[in-house]
Amino acid sequence: MLPAAMERTMAAGATETPNAAKSAQELAAVLRALPDLYFLLDSERRFVDYSAGHDAELYRAPEEFLGRPFDAVLPPDVSAGMIVAMDRARSTNEVTTYDYALELPSGQQFYESRFAPFGESFTVALVRNVTERRLAVEELRLREERLRQAEKLEALGRVAGSIAHDFNNLLTVISASCSLAERELP
């Protein structure tokens, strides 16, 4: 479903362009299809509207965050980073990103947020849960580390085998010399 604030904005422009209704329907379809969370923030950094993608888990219930600034809803370290990213997006008029983690009932989740200016006084935030990707990258890093350790042990084993072979050769020479010396003794 298209967020209410965006519907109002699109409806206001509907009298200006004949394709506004079609554009609103297309945008609604896109937002429904995205796995992301969509938030509309005003100039005071208050949550004005949201849309939760398929199977998205919210940090707080909508009645706990709508109309409130995100620094009153989110942990201080997360909101501080968001303030910087949002201000940068508004000042440069470009999309900025910010990555963070939140503790949810399902466990720690990692997010990638993108902020973009919308109109004169709004900012759009698209938030994607990247926990699975981050865990996969971490698993890959651990496997690569284990592979490097195995390669080191294999190289160490080869060196130890080579040393043992050389030492065995020396012992063979010493043993043969002792046998020869023993024959010459009375």
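**Core, cavity and two buried residues of strand 4**

F110 is buried, with a relative accessible area of 13%. This description rests on a predicted model. The place of F110 is in strand 4, and its C-alpha lies 5.9 Å from that of Y100, a residue 10 positions away in sequence. When residues up to four places away in sequence are not counted, F110 touches Y100 and A101, together with R128, N129, V130, T131 and R134.

S113 also belongs to strand 4. The relative accessible area of S113 is 0%, so this residue is classed as buried, the cut-off being under 20%. The side chain of S113 reaches the backbone oxygen of Y98 at a distance of 2.8 Å. Apart from neighbours within four places in sequence, the contacts of S113 are T96, T97, Y98, D99 and Y100, as well as L126 and V127. Y100 thus appears in the contact list of S113 and in that of F110.

The largest nonpolar core consists of 21 residues, and the members that touch the most others are M82, Y100 and F115. At least two residues of this core are supplied by each of strand 1 (37-41), helix 4 (76-92), strand 3 (96-104), strand 4 (107-118) and strand 5 (122-129). Helix 4 provides the largest share, five residues. The surroundings of F115 were examined with its neighbours within four places in sequence left aside. Its contacts then include M82, A85, M86 and A89, and L41 is another. F115 is further in contact with E94, V95, T96 and Y98, and with T123, V124 and A125.

A search for enclosed space gave one cavity of 30 Å³ or more. The volume of the largest cavity is about 220 Å³. Its lining comprises 20 residues, and those nearest the centre are F39, F47, Y59, L74 and Y100. Strand 1, strand 3, strand 4 and strand 5 are the elements that contribute two or more residues to this lining. By residue class, the lining of the largest cavity contains 18 nonpolar residues and two charged ones, with no polar residues.

Y100 recurs in these results. This residue is one of the core members that touch the most others, and it is among the lining residues nearest the centre of the largest cavity.

Technical notes:
Residues are numbered from 1 along each chain as its sequence is written. This is a predicted model: local features need pLDDT of at least 70, side-chain atom pairs count only at pLDDT 80 or more; totals for chains, interfaces and linings use all residues. Side-chain values use heavy atoms; hydrogens and water are left out. A nonpolar core is a set of buried Ala, Val, Leu, Ile, Met, Phe, Trp, Tyr and Cys residues joined through side-chain atoms within 4.5 Å. Buried means under 20% relative accessible area, exposed over 50%, partly exposed in between (1.4 Å probe, protein chains only). Helices (H or I, at least four residues) and strands (E, at least two) are DSSP runs, numbered from the N terminus. Contact means heavy atoms within 4.5 Å. On a 1 Å grid over the protein atoms alone, a cavity is a set of points where a 1.4 Å probe fits but cannot get out, and a pocket is an open set with protein on both sides within 12 Å along at least five of seven lines; lining residues have an atom within 4 Å of a point. Grid points are joined across faces, edges and corners, and a volume is the space filled by probe spheres set on the points. Ala, Val, Leu, Ile, Met, Phe, Trp, Tyr, Cys and Pro count as nonpolar, Asp, Glu, Lys and Arg as charged, and the others, Gly among them, as polar. A polar contact is a pair of N or O atoms within 3.5 Å; within protein, one must be able to donate a hydrogen and the other to accept it, and residues adjacent in sequence count only if both atoms are side-chain atoms.
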